Structures are given as structure tokens and as C-alpha cells.
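Open the structure in your viewer and keep the sequence panel in sight. This tour goes from the whole chain to single residues, one selection at a time.

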Amino acid sequence: MDVTIIRKLFQILRIKMSSSSNSLLVPIGVRGMKRLDREKFLRNIKVPVLKVPDEKLSKIISICRPYFLKLQNFKPVQNLLEKQSENLYKCLYFDPEKITNWHNISEDDRKNLHKYDIDEKHFDLQDIQLTYDNFKHETIFKAVLPENEEIVTGFSQIGHIIHLNLRDHLLEYRSLVGEVLVDKIKTCRTVVNKSNIIDNTYRNFSMEVIAGDEDFLVTVKENMCNFQFDFSKVYWNPRLCKEHERILKFLTPGDVLFDIFCGVGPFAIPAAKQKCNVFANDLNPESYKWLNHNAKHNKINMNLFKSYNMDGKEFICTTFKAFIIDYCNGKEKLNTGAKIHITMNLPALAVEFLKYFKGLIKDTGLKDKYDCDIFVYVYCFAVGEDPFTVAKQMVNDNIGTDISSNIIDVFDVRNVSPKKQMMRVTFKLTKEIIFDDNSESDEPPCKKQCTNDTDK
């Protein structure tokens, strides 16, 4: 590349960086603040204003709206502090980063303003004082937190709780970050920071309250259902709302759902509301408690809903197995065209449970009676350049045979971290798998596997 071009690119970059750091609409002198001092955010600036007659206000606003000064808790249309005539008593505040003089207003807009007798003499500059209340949390974080480092760019909100996963270099700012979020997010009463340590059987992450109330009981609305739970004791990921919705669209009334790692019921409860027959299981006693609570409070028909508190393997090898045997023997009936669905949303471990489907039923005499469609939706974390191929291979390796011809879909659910994706593999569970004569003999159920994961 030509040296002159490179120099010009660097000049443009410096100008952009300079204009960003010299912006009139950001706090100054607060870099490195660790204890929130709201008074330090006061800033006096000059902003352009347009003084207009009240009777023409509605027409003029439609012309000037693109230039308005947009700040939190600031009205861009205000009464004049002092009347200069009987008619001029409204003041339109413009963004000083867009407008510095009358001629910054586009020619077409100036012509339209002239139609209402508004010209350059109505334009002025006025002093205003910005306060902490005028800045959004993103603006405050950019002004306070270390430059050239990753800052707080996103978070999850579960009910009134904001859930952060702060990087190490931001931990000393956590108190300030928490207070700012409680101040700025109206629906937030509690801010927690996740610890990277997973400290129990159910893989709940430990958390620190960094601001607000120590209140973990939340209510979340999703897919026309209300879910209540103690966020400190169960797992919930708001980023999976769309995925829950996708799976629910695959279900029709009369279908059967086996939700092996159900949590507090984001698949199971709406499915039962859709008049599916639901068998929902989770190892975590707290998840099981809130699952049943949510079934009751969402007025689920309990004839369509059964809940279990056991390990995933035990659930497959007892509850699911018994249902299939009873179906083959005519004791369980399905509506015409009804399907069986199995959700396995435990991406860190779910594929390891697939082997329990292989050769699950030893009575080969039932094989010819097996005529139902069973679809499995298993989630996994795929690391690598090609997560689709990785996910498919994980399923084949763990089920113990090549079922590539049975795989219907491999779907990228979400990005977890660089080169790590949460994937969903959908495949058809055929009788060749369930009645596989070459599978190993049944093992006793293991009760030490977990049913929750920090990235689930």
C-alpha cells in the first residue's frame, strides 16, 4: 500500500479518536473512578438552540427532530427561561456534535423553516449543565473504565436481576458498575457477578451481589408462561428464549415430550400448555421444586404433565424405556400422526447420555411393533473452525454408531466464545438404535451426573 495512503488513514484514525475523546456529550475527569461519585459527572457545555413561536411549534418540530439533543432525562423542547417577546417562548435544543451554527442545518430544512419565518436570528448558543442523570450507563462505562481494554458491553437480565461476568481487570470497578446499572436500568434491583467456580453437583455458579438488594427470587415471562425461581439455586439463560420458541413450534397438540434436563421448565411448561403430554426431569431438587411450582401457577392440566427428580441416565433407562415398551404392547396410545420428542439441553454433557438409547430395549420381539416417530434435540458445545461437522461427529461418537443418515438438522444456537458454539443436532431415533443387539448390557443408573451448566 502507498505510504501516502497509509499516512492519510492514520490521520483519519487520529481525528476519529480525538473527536471521540473530546466529545461534549461524555463525562470528563472520571477515568479510573472506583467508588461512584455522582457529583463528579457535572459538565457545563454550550449547545445550539432554536427559539420558536409556540403556535408554529408542531410544524417546526417535524423539520428539526433529526437535530435534537438526545440525552437521558433531558427534554429537547423546553420553555424559554426568559421571554424575548410575547410569541417566542419555546426553545429547541440541538446536538452540538451535529450542529454548531445555522448553516449546519441542511439547505432544504432551512428553506422549510423560512416558510414559518424562522431564520438565523432565531438561532443561538446556550449554556447547559449536564449531570450524572443525563448519561447512559454505556457512556459512563466508556468514560470511567480503563481505555484500550474490554469494558462492560453486555449483560443478561433475569427478572429484576442483572447478571454480569466481569473480566479480571474490571473486578476492582465492580461496585461502581453495579451501582450504575441499578441507577440506569429501571427494572433492575439487584446486580450479581458470576464466579468462574462451579461448586456443586448441580453446576450452579456461585455469585456475588455487587449492588442492590440480595433478593434472588425472580419472575420471568417467556412463551406466554410465567416462570418463578430462585436464581441463585437453579439455571436460567435468557439468551435461549428464541431457541425454546423454535422447539415449541415443532410440537403439536397430542405429541409427547421427554425433557431430560428440564430445569424449571422453559420447554416443558409451554409444551404442556400446548396440550402435549410432557415427561419433565431434572436432577437438581431446586429445579424440580420450581418446575412443579410453575406447572401449578401456569394452570397446567396435570393429566398431561409428569415430573421427575432423577439423573438423566436413570430417566432414559426407566421412564422413557417403560413408555416405549408400553407403547409397543399397546398400553400407551398416541393420537394419529402424533410424534415423540426428546429435548436434551445440557450442552456440556448431553451427548454423553446418547449411548443409553442404543440397545435400550432387549426384547427384540417388540421391534416390529415400534412404529412411532421419535425426534431427539441434543445440544452440545462445538469447538473448532467447523462447528457443524464437530457437532455431528460428537453425536456419532457418543451414540456409538454412525447415524448420519438419521440426522435431520444441525443448528447453530449461539456463540459462546471465540470458536465455541452452542449447537443443536436433531436426529430421528429409530428402532435400529433402540433395539440394537450389539449394545452393551444395562448399567445401574448413576446419580452423580449434573443437570445444569453455566453456558446452558
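**The whole protein**

Start with everything selected and a cartoon drawn: the protein has 11 helices and 17 strands. Here helices (H or I, at least four residues) and strands (E, at least two) are DSSP runs, numbered from the N terminus. This is a predicted model, in which local features need pLDDT of at least 70 and side-chain atom pairs count only at pLDDT 80 or more, while totals for chains, interfaces and linings use all residues. Residues are numbered from 1 along each chain as its sequence is written, and side-chain values use heavy atoms, with hydrogens and water left out.

Now switch on the surface. About 23,300 Å² of the protein is accessible, and carbon and sulfur atoms hold 48% of that area. Accessible areas come from the Shrake-Rupley method with a 1.4 Å probe; for residues, only the protein chains shown count as cover. Of the 456 residues in the protein, 48% are buried. Buried means under 20% relative accessible area, exposed means over 50%, and partly exposed lies in between (1.4 Å probe, protein chains only).

How much of the contacts with a separation of 6 or more comes from residues 24 or more positions apart? Such pairs account for 71% of them. A contact means heavy atoms within 4.5 Å.

**Helices 2 and 3**

Select residues 57-64, which are helix 2, and residues 107-114, which are helix 3. Their axes come within 10 Å and cross at roughly 175°. Helix 2 is therefore roughly antiparallel to helix 3. Axes are lines fitted to C-alpha atoms, for helices over the stretch in contact, and angles run from 0 to 180 degrees between N-to-C directions. Angles under 35 degrees count as roughly parallel, over 145 as roughly antiparallel, 65 to 115 as roughly perpendicular and the rest as oblique.

Show side chains for I60, I63 and C64 on helix 2 and for D109, N112 and L113 on helix 3, since these make the contact. By class, four of these residues are nonpolar, one is polar and one is charged. Ala, Val, Leu, Ile, Met, Phe, Trp, Tyr, Cys and Pro count as nonpolar, Asp, Glu, Lys and Arg as charged, and the others, Gly among them, as polar.

**Helices 4 and 5**

Next select helix 4 (residues 137-144) and helix 5 (residues 174-184), which pack at an angle of about 160° with their axes 10 Å apart. That angle makes helix 4 roughly antiparallel to helix 5. On helix 4, display H137, I140, F141 and V144; on helix 5, display L176, V177, V180, L181 and K184, which they meet. The residues of this contact divide into seven nonpolar, one polar and one charged.

**The loop between helix 1 and strand 1**

Stay in this area and add M33, in the loop between helix 1 and strand 1. M33 counts as buried because its relative accessibility is 12%. Not counting residues up to four places away in sequence, M33 touches K40, F41, V144, Y173 and L176. The C-alpha atoms of M33 and Y173 are separated by 7.8 Å, although the two are 140 residues apart along the chain.

L36 is in the loop between helix 1 (3-21) and strand 1 (43-53). Is L36 buried or exposed? At 11% relative accessibility, L36 counts as buried. Again leaving out residues up to four places away in sequence, L36 touches F41, Y132, L176, E179, V180 and D183. From L36 to S175 is 139 residues in sequence and 8.0 Å in space, C-alpha to C-alpha.

**Two loop residues with positive phi**

Go to M224, in the loop between strand 9 (217-222) and strand 10 (225-230). Phi of M224 is near 65°, a positive value in a residue other than glycine. M224 is exposed, with a relative accessible area of 70%.

Then pick K299, in the loop between helix 8 (285-297) and strand 13 (305-308). K299 has a positive phi of about 55° and is not a glycine. At 76% relative accessibility, K299 counts as exposed.

**Last stops**

Select Q393 in helix 10 (residues 387-399). With 42% relative accessibility, Q393 counts as partly exposed.

Finish at T430, in the loop between strand 17 (420-428) and helix 11 (431-434). T430 counts as buried at 16% relative accessibility. Leaving aside neighbours within four places in sequence, T430 is in contact with Y370 and N406.
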